[in-house]
Amino acid sequence: MKFSAGSAWRRILFRHEMLLLVVLIVEWLLFLHFGTMTNRRGVTVGFGTLDRQFDILRHSCEIGLLALALTPIILTAGIDLSVASLLGLCAIVFGQLTHDVGLPLSLAIPLTLLAGGLGGAVNAGLIAGLRLPPLIVTLGTYSLFRGLAEAMTGGAVTYTQFPSGFLALGQGRWLGVPAQAWIFVGVAVGMWMLVHRSVAGRFIRVIGFAPEGAQYAGVRVGKCLTFVYVLAGLVSAAAALVYTARLGQAKADAAVGYELYAITAVVLGGTSIFGGKGSVTGTLLGVAVIAVLKNGLATLPVVIRMNSAEELSGLLTGGLLLFALVIGMLPKLLSAVCIRR
Amino acid sequence: MTPLLVFQRISKSFGAVRALRGVDFELRPGEVHALLGENGAGKSTLIKVATGAHTPDGGTLMVDGEVHDGLTPALAHDLGIACIYQQPALFPDLTVMENLALRLEKPASFARVRWTDRRKRAMELLAKVGAEILPDSTVNELSMPEQQLVEIAGAVGAEARIVIMDEPTASLTRREQERLYGIVRALKSEGIGIIYISHRLEEIFALADRVTVLRDGSSAGTFDVCDINEGELIRLMVGREVTHLYPPPLGSPGEVRLKVDHLCCHASGVEAVSFEVRAGEILGMAGLVGAGRTELARILFGITPADAGTISMDGRIVTVRSPSEAIDEGIAYVPEDRRRHGVVLDMSVAENVTLAAHRRYFPGGWLRDRIEAGAARDAVERLAIKTAGIDAPVSSLSGGNQQKVSLSRWLATEPKLLILDEPTQGVDVGAKSEIHALIRRFAEAGMAVILISSDLPEILGMSDRIAVMGGGKLIGILPSGSAAADVMAVALGQSGTPGKDIA
């Protein structure tokens, strides 16, 4: 068989996702072994319970939605630091619409999604319209959206007592699994179709690989960029609804710092921060690895005794990310060494 | 008298392209030696060898009678070789004084800066070249000729004895030119040797002592300026044998496909260009680098839309404000910078082929693997693209095959007008004639073709008519079968040329 560089490239991608899958399975088995125990009443507690697994799933939905929203953006060699702030803003908008304005859910939910879309449009206008650098623009809206949310609540108001039908979205089960998992799966399938099966997804990659080349190929770069940032706004709003429903409360500081977990998941999943290369499957695996790590650590007896789950998970997530980056660089480094010889 | 700089049989190749094929050149003290040649004749490569930017593959390079094998930019600087480029290479945000200091001082890393000395030195040097520039002005406040003067002051300050000037008058007014001539003559009287590159023949006769003509990477001869005339120089520049056969035109062109009327774009410097191209016709576009040909193509393709004038396709006035609108009107553009604009290197052959014609292959916006694979296999077969497979990334292909991918991307859109910008640049000889045959076939299939090329034999061999551009304007249109010297003469702005026909 003739050696083809195309299949080699695919093999590397495949290998990256395989690597993540192996990491995921190994960490899951480790936590299952060391994090599961039986208490005095003979009931199994810790990692190896269905409740705990569903808990992991519930937690990964919010970061997962943000990571899915970020995947096409990072594929265009862009970034959106404002997704979690927009999540906070949308949570407050939803709280005000249902409580202060008194709108029914059937109106409040679409309007919240609209607010998310508008937030994304602010980013899109500055990035696609004025061609400002995404990092700076979204650093600005990162503060802006959060600031707006705090101004709207005076930094103090917390909206609680949502209708039970809405809370079921975050706390109940549909068809035996946590309800928000269905939303997550829906968005994931949609994103996968967009990135891997649509012409728009191809344009997104072209913009990431060669922004000028995209223009010369007739790609409407501005339109594509607008689309991915507005889409990220919409998905952030959906994440806000899920988040509010899970906690049963909407506060201005909702999901602070989630954008960094989401970016970590995307990059861990093999998507290049320089654009072009990456996959939705990788992002999903990245989310799963981080979510299992964060939750699993909290079940280990030694960690519980030291009360240091938060710190350890930060440490390990960071280490894992750097490890994945180095692994990703290996083929390039090896070939460089070969050429030098 | 020992010559300052001697090149003996200097050769240099870039991959398969032989930029210099054994060039002999000699620069004497106190001489202005002009270097003349078409685009791509090897002038830039020769300069880069002299400044140590390129290491020659073969031949001997002597400075002051001493052989130097491993000339580096730093060593060239120490030997007193300075180069003044067409676009001054100064730091725009630093002051004149700081720029000069960067060239001339070699302080230790944490040495104290002596501002008074710096200022004094800068003022001396600027006075020496007759520049009325304050040492404290930042470079981006200066005009282009003023920046050039700063460059020259730097060369004088470095006590350069070999000064290379690359088209220094390209952006100067008449009076600024005269002043530059004065400086050149002053440098010359101090025994400095000057290599002077210019496309303007009258300048060579006004200023130079000797002239060396480069052609296809070889020297076509060195002459005393008083022993040669303009006509002979032009003949020497272009007088090569046509090295391969061009496909013959068949039949007569059809209806007017593209009509351009007084097209202007202020931003890219294109002024009032009017011409027509018929279906089945190849219109060659000749001119020097910077004549405005690529700029014109970019207007027609909507990258820098026109601000005045009209474009008509098949008799209908169309607006082209973006490449996607151009594609909708049946206009295709194969750009000059293949690697950055023509193909997406990291994507596969198949993805590149279907990129511009996605509406045709993927109606509804969803990818279809089988259709894509079919289209890619068709393209690979039709254009004889050599690739490991349709899934291979374009970066793994040779230059000529990358160019064919770029071509096939546009053929897939079934264009009515195909604009080709330097389609055979950096392409090896075999692929070159294949591409020529393809271009003729596209024309025969009824496309109107605009062929922009700096390769004069290619223009002469391929074109049904030849449009010559200069300074953003269309200078003239010549019929097929025009002599190379006529085209060159029009492009160089020589008057009284036969066959000149302003459209």
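Select helix 4 and helix 5 of chain A, and you will see that helix 4 of chain A passes helix 5 of chain A in a right-handed crossing (a crossing is right-handed if the near helix is turned clockwise from the far one by less than a right angle, and left-handed if anticlockwise). This is a predicted model, in which local features need pLDDT of at least 70 and side-chain atom pairs count only at pLDDT 80 or more, while totals for chains, interfaces and linings use all residues. Residues are numbered from 1 along each chain as its sequence is written, and chains are lettered from A and ligands numbered from 1 in the order in which they are written.

Helix 4 covers residues 105–129 and helix 5 covers residues 134–153 of chain A, and their axes come within 10 Å and cross at roughly 150 degrees. Helices (H or I, at least four residues) and strands (E, at least two) are DSSP runs, numbered from the N terminus, and axes are lines fitted to C-alpha atoms, for helices over the stretch in contact, with angles that run from 0 to 180 degrees between N-to-C directions. The crossing angle makes helix 4 of chain A roughly antiparallel to helix 5 of chain A, a term used for angles over 145 degrees, whereas those under 35 count as roughly parallel, 65 to 115 as roughly perpendicular and the rest as oblique.

Next, show the side chains where the helices meet: among the contact residues are A:Gly119 and A:Leu126 of helix 4 of chain A, and A:Pro134 and A:Phe145 of helix 5 of chain A (two residues are in contact if their C-beta atoms, placed from the backbone, lie within 7 Å).

Now move to chain B and select strands 12, 11, 14 and 15, which in that order form an open sheet with antiparallel pairing (two strands pair if DSSP finds at least two bridges between them). Strand 12 (270–278) and strand 15 (316–318) of chain B stand at the edges with a single partner strand each, so one side of each has no neighbour in the sheet. The twist from one strand to the next averages 25 degrees. Add helix 9 (residues 293–300) of chain B, which packs on this sheet and touches strand 11, strand 12 and strand 14 of chain B. Within the sheet, strand 11 (residues 256–265) and strand 14 (residues 308–313) of chain B pair in the antiparallel sense over five bridges, and B:Leu258 stands opposite B:Met313 in strand 14 of chain B.

Finally, select the open sheet of six strands in chain B, whose order is 16-17-18-13-19-20, with mixed pairing.
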